[in-house]
Amino acid sequence: MAKFKKTLPLVLPILLAFAGASLAYVFNEKNSIKVSKETQPGLELGKDYYIQISLVELASKPEGKSTWDKLGSAPDIYVEIKWRENIIFKSSVKSDTLIGVWSQTELDLQSLAMGDTTISPDDLIKGARVSAVEGESIALQVYDYDPLGANDLAGSVELVFSSLNIGKNKLNDLSPGLRRVEILVSEVSEG
Amino acid sequence: MKGLIHIACFASSLLLGLGLVLPAISITPGFAELDPLVKLIKPEFGRFTSHSFISIISTLFVDGYYFLSGLLFVFSVLFPLWKLGVVWKACFEIADEQFTSSRSFRLTGFLGKFSMLDVLVLAILVVVLKGLPGGGQIEIGPGAWAFGVSVFLSILAQSLLVKLSK
């Protein structure tokens, strides 16, 4: 009994601190689950977002044709984003490929060389700026660029804002010509 | 007064555990004009992070700052536990009317001042980072509050014990 009385004061703070730490651990765990669920939240209506195309994969041949190009080469892919019946973004052309990959920022050296000497971070972002409005959508139209004639529509898809999440959105088998599209949605920073 | 000392000791021990594991500091980096660019190119740079005292100590240790992590471990974990042990012992002795102000009891009173060292470091960090450009946000989390209150309660319990023994 005397030994127990001697050791109890030393063990008690450790036990109580351990109980507190366990409580904190449980609290942290609950919180971290909440955070991971929030990593891919949907779009908040009324806010502005950047919509960027990071990847487009086309089928091996277009619908109703045997090859993309008359000479047998792969398509020259570019993407247009339409919102409220207007083309608000046109990507650069990725030549001779079935998988077009775009970086999120591009610096237009030609326009800089032509005397456009000021550039803001916003200008570097290659994407469409949209406002998420309920019931509205954006249309992605993927083309095979043809320098000599009309560009061929390789596939298109319409996306309602409510179906998009912040971050990467992967879409598969959208139309016969369009196998895969990856869209990056990010918030426009205030101020 | 004995009841108050017991409550202070109990709460201080519990809050110490909470304070060590709950987030003590939360940082949301800001890059001012370059914010949208950083979020696009390196989203991990702009991610919100929070650290507890335990995670700070372990990160410092893993990164090779052995002296600093050792110092923090001694003054944030070992010393408060030892101090609470001494105060709890004194509580039991007072209940049995056998309390004598031992050397370790007096030593905890002297070293107790250093227990708030990490809270002070966090406070300085907050002030320094708030002054940096870029619009980053830094906040003191519940862990720092719990730890601070734990240290305060242990000091209170000790001073009440000294008063009671006189």
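1. Pro142(B) is in contact with Leu22(B) and Pro23(B), once residues up to four places away in sequence are set aside. The model is a predicted one. Pro142(B) belongs to helix α7 of chain B. Its C-alpha lies 7.2 Å from that of Gly19(B), although the two are 123 residues apart in sequence. Pro142(B) has 16 C-beta neighbours inside 10 Å, so it counts as partly exposed.

2. The helix pair α1(B) and α7(B) comes next. Their axes are 8 Å apart and the packing angle is about 155 degrees. An angle over 145 degrees counts as roughly antiparallel, and α1(B) and α7(B) are therefore roughly antiparallel to each other. The crossing of α1(B) past α7(B) is left-handed. On the α1(B) side the contact includes Leu4(B), Ile5(B), Ala8(B), Cys9(B), Leu15(B) and Gly19(B). On the α7(B) side, Gly143(B), Ala146(B), Phe147(B), Leu153(B), Ala157(B) and Leu161(B) are among the residues that take part.

3. α1(B) also packs against α4(B). Here the axes come within 10 Å and cross at roughly 160 degrees, which makes α1(B) roughly antiparallel to α4(B). This crossing, between α1(B) and α4(B), is left-handed. The α1(B) residues in the contact include Lys2(B), Ile5(B), His6(B), Cys9(B) and Leu16(B). Those from α4(B) include Val77(B), Pro80(B), Leu84(B), Val87(B), Trp88(B) and Cys91(B).

4. Which residues touch the most other members of the largest nonpolar core? They are Cys9(B) and Val87(B), in a core of 36 residues. The elements giving two or more residues to this core are α1 (2-37) of chain A and, from chain B, α1 (2-21), α3, α4 (66-95) and α7 (142-165). α1(B) gives the most, with nine residues. In soluble globular proteins, nonpolar side chains tend to be buried together.

5. Cys9(B) deserves a separate entry. Beyond its neighbours within four places in sequence, Cys9(B) is in contact with Leu84(B), Val87(B), Trp88(B), Cys91(B) and Ala157(B). Cys9(B) is listed in the contact of α1(B) with α7(B), and also in the contact of α1(B) with α4(B). A second, separate core has 27 residues, including Tyr49(A), Ile53(A), Ile138(A) and Val142(A).

6. Helix α3 of chain B spans residues 53-62, and its buried residues are Phe53(B), Ile54(B), Ile56(B) and Ile57(B). Seen down the helix axis, these buried residues of α3(B) fall within an arc of 165 degrees, so they line one face. The face turned away from the buried side carries the exposed residues Thr59(B) and Val62(B). Gly64(B), just after α3(B), has a positive phi of about 95 degrees.

7. Two residues of chain A other than glycine have a positive phi: Arg84(A), at about 55 degrees, and Asp173(A), near 45 degrees. Where do they lie, in helices or in loops? Arg84(A) is in the loop between β2 (77-83) and β3 (86-90). Asp173(A) is in the loop between β8 (167-172) and β9 (178-187). Are they buried or exposed? Arg84(A) is exposed, with 11 other C-beta atoms within 10 Å. Asp173(A) has 9 such neighbours inside 10 Å and so counts as exposed.

8. On the overall make-up of chain A: there are three helices and nine strands, in the sequence order α-β-β-β-β-α-α-β-β-β-β-β. Chain A has 191 residues, and 24% of them are buried. Of its contacts with a separation of 6 or more, 56% are between residues 24 or more positions apart.

9. Chain B has seven helices and three strands. Along the sequence they follow the pattern α-β-α-β-α-α-α-α-β-α. Of the 166 residues in chain B, 35% are buried. Among contacts between residues at least 6 apart in chain B, 80% join residues at least 24 apart in sequence.

Note on methods:
Residues are numbered from 1 along each chain as its sequence is written. Chains are lettered from A and ligands numbered from 1 in the order in which they are written. This is a predicted model: local features need pLDDT of at least 70, side-chain atom pairs count only at pLDDT 80 or more; totals for chains, interfaces and linings use all residues. A residue is buried if 20 or more other C-beta atoms lie within 10 Å of its own, exposed if 12 or fewer, and partly exposed in between; C-beta atoms are placed from the backbone. Helices (H or I, at least four residues) and strands (E, at least two) are DSSP runs, numbered from the N terminus. The arc is that of the directions from the helix axis to the C-beta atoms. A nonpolar core is a set of buried Ala, Val, Leu, Ile, Met, Phe, Trp, Tyr and Cys residues joined through C-beta atoms within 7 Å. Two residues are in contact if their C-beta atoms, placed from the backbone, lie within 7 Å. Axes are lines fitted to C-alpha atoms, for helices over the stretch in contact, and angles run from 0 to 180 degrees between N-to-C directions. Angles under 35 degrees count as roughly parallel, over 145 as roughly antiparallel, 65 to 115 as roughly perpendicular and the rest as oblique. A crossing is left-handed if the near helix is turned anticlockwise from the far one by less than a right angle, and right-handed if clockwise.
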